[in-house]
Amino acid sequence: MSIWQKIGAYWNYLVGSPHSFSLQFRIFHSISIIAFLALAYNVPFNYFIGLPWIALVSFVVLTILCYIYYLSRFKNKTELSIVFFCVLANLLFIANYFINWGISGPTDILMAGTLLLMISTAPPKQYKIWIPINIAVILSLHGIEYRYPLLVPNTYVTVADRFLDVSSAYLVVVVLMYYTVTYIRKNYELERKSSEDRAQSIEIKNQYILVQNLELERLNAEKNKLMSIIAHDLRSPLGNIQNYLELLDEYSLDAEERKIIEKDLLKLTQDTTSMLSKVLSWSKAQMDGVTVKLNSVNLFEALANTLELEKAIAGKKGIALSYGVEQTIKIMADVDMLQLIVRNLINNAIKFTPAGGEIEISASSIHNNCLLMVKDTGTGIPYEQQRDLFSLKATSTFGTENEKGIGLGLKLCKEFTELQAGEIWMESIPGKGTAFYVSLPLALPVT
């Protein structure tokens, strides 16, 4: 630590911490210290220019001022100390006026400087006391000297002593005024910056609370959505399965009737399993988070089995499913997430495409991305539902053969696509079909 840093640290100790003293009280401590220095200089100065009585008065005032400072800085009785200071200052200058040639001496200058110090340190409620007293003292002293000039004799030995004393007093007052104003402005800027920082901190905190509230609202909406699914969308098909099983148990049915019921049971079980799988996948993603394992993946090899399986499922419904995927495309993806996305998009296309319709799947590289498209000639999506399609606001729907959906599949697709640094969007014309697009980054070639 340099000598100036040490001096600065010691000065801050003498003035007092901002945490313990207000700006007004720190100014008072600073002025008290400067007044010590001024009086310490004034005692020998007045003695050597032939004013021993003034030197003695200055020494007494210096001693009293030390006690006042101690009372404020170390005993925390600052308001009382300020009152003592103001009273002492007025008494000092009344005495100084009579023993230092009155209006011809430096007392008026010192009184004006002291008034600034009083205003800077005294509580505002005391202004109406000290300002009138200062003015009354000066005007009274001038009036006394005017009426009784012999009470205020010339105490200077030479003219040079007078000029030196008045000039010295002026310099002391200028230094005190400069320091006081500078100190106030500096601390004002610090307080202003501190207030701005606090306001900014409060604003950041409010924004953080707002984000938290929005997140809580989102989580609450997701919880309600999950409860709705469990309460209705899963309970309803399970109830139907139970009814079918009770029917098989209680009644003797011929082979044809059993075959129809078994087919309906299989359909309900498949739909319920699909819904349950989506609920569990989404719930796990929300509660535990998802670990993404991005690797360089050959798109055709990763999707070949899925595409063939979905082609067979579409064929059972009488839908022609074709796909064209460049066999050399490599992307950065998580294979499990990629397959889930593609399965959901194709299943949706099958669900909302009637028999005799077509589904086209293609993938090609465009710039640094792979664009995967799933396009169907199905029923399309009503315009009023398209905006909320990828959110929890999406409603449950039924396919062309009454297949049940719960509105979570596309939400999962969006979340899993974005976790792989991709994008997903759609285009749909009601009654004419829908196309979903998934863009994923290509794997960079190894150099």
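**Exercise 1. In which sense do strand β5 and strand β7 pair, and over how many bridges?**

Solution. This is a predicted model.
- Step 1: find the strands. β5 covers residues 369–376, and β7 covers residues 433–441.
- Step 2: read the pairing. The two run in the antiparallel sense, over seven bridges.
- Step 3: check two positions. M373 stands opposite Y437 in β7. C370 has L440 of β7 as its bridge partner.

In general, strands of a sheet pair through backbone hydrogen bonds, either parallel or antiparallel.

**Exercise 2. Place β7 in its sheet, then describe the turn that leads to it.**

Solution.
- Step 1: order the strands. The sheet is open, has five strands, and reads β2-β4-β5-β7-β6. Its pairing is mixed.
- Step 2: find the edges. β2 (320–325) and β6 (423–429) each pair on one side only.
- Step 3: note the twist. From one strand to the next, the twist averages 10°.
- Step 4: look at the other neighbour of β7. β6 and β7 also pair in the antiparallel sense, over seven bridges. I429 has G433 in β7 as its bridge partner.
- Step 5: inspect the turn. β6 and β7 form a hairpin, with three residues between them. In that turn, G431 has a positive phi of about 85°.

**Exercise 3. How many residues of β7 are buried, and which way do they point?**

Solution.
- Step 1: count. Nine of the nine residues of β7 are buried.
- Step 2: sort by direction. One way point G433, A435, Y437, S439 and P441. The other way point T434, F436, V438 and L440.
- Step 3: connect to the rule. In a regular strand the side chains alternate between the two faces of the sheet.

**Exercise 4. Which helix lies across β2, β4 and β5?**

Solution.
- Step 1: name the helix. Helix α9 (residues 299–316) lies across these three strands.
- Step 2: read the angle. α9 runs at about 170° to β2.

**Exercise 5. Describe the largest nonpolar core and a second core apart from it.**

Solution.
- Step 1: take the count. The largest nonpolar core has 40 residues. Inside it, L299, I331 and L345 have the most contacts.
- Step 2: find the main contributor. Helix α10 (residues 335–351) gives the most to this core, with nine residues.
- Step 3: turn to the second core. Apart from the largest core lies another, of 36 residues. Among them are I34, F36, L117 and M118.
- Step 4: go back to I331. Leaving aside neighbours within four places in sequence, its contacts include L299, L338, C370 and L440.

As a rule, in soluble globular proteins nonpolar side chains tend to be buried together.

**Exercise 6. Compare the span of helix α4 with the expected value, then see what its buried residues pack against.**

Solution.
- Step 1: compute the expectation. Helix α4 (residues 78–99) has 22 residues, and at 1.5 Å a residue it should span 32 Å.
- Step 2: compare. The end C-alpha atoms are 31 Å apart, so the span agrees.
- Step 3: pick out the buried residues. They include I82, F85, L88, A89, L92 and F93.
- Step 4: find the partners. The buried residues of α4 pack against α2 (23–48), α3 (52–73), α5 and α6 (127–147).
- Step 5: look past the helix. W101 follows α4, with a positive phi near 60°.
- Step 6: repeat the span for α5. Helix α5 (residues 107–121) has 15 residues and reaches 21 Å, close to the 21 Å expected. Its buried residues include M111, L115, L117 and M118.

**Exercise 7. Are H367 and A421 buried or exposed?**

Solution.
- Step 1: locate them. H367 is in the loop between β4 and β5. A421 is in the loop between α12 (409–419) and β6.
- Step 2: note the backbone. H367 is not a glycine, yet its phi is positive, about 55°. A421 is not a glycine either, and its phi is positive, about 65°.
- Step 3: apply the cut-off. Exposed means over 50% relative accessible area. H367 has 76%, so it is exposed. A421 has 58%, so it is exposed.

**Exercise 8. What share of the 447 residues is buried?**

Solution.
- Step 1: survey the chain. The protein chain has twelve helices and seven strands.
- Step 2: read the share. Buried residues make up 40% of the 447.
- Step 3: turn to the surface. The chain exposes about 26,000 Å², and carbon and sulfur atoms supply 62% of it.

Definitions and conventions: Residues numbered from 1 in each chain as written. Predicted model: local features only at pLDDT ≥ 70, side-chain atom pairs only at ≥ 80, totals over all residues. Heavy atoms only, no water. Helix = DSSP H or I, 4+ residues; strand = E, 2+ residues; numbered from the N terminus. Buried < 20%, exposed > 50% of the residue type's maximum accessible area, 1.4 Å probe, protein only. Areas by Shrake-Rupley, 256 points an atom, 1.4 Å probe, with all protein chains shown as cover. Core = buried A, V, L, I, M, F, W, Y, C linked by side-chain atoms within 4.5 Å. Contact = heavy atoms within 4.5 Å. Pairing = 2+ DSSP bridges. Axes fitted to C-alpha atoms, helices over the stretch in contact; angles between N-to-C directions. Expected span 1.5 Å × (residues − 1).
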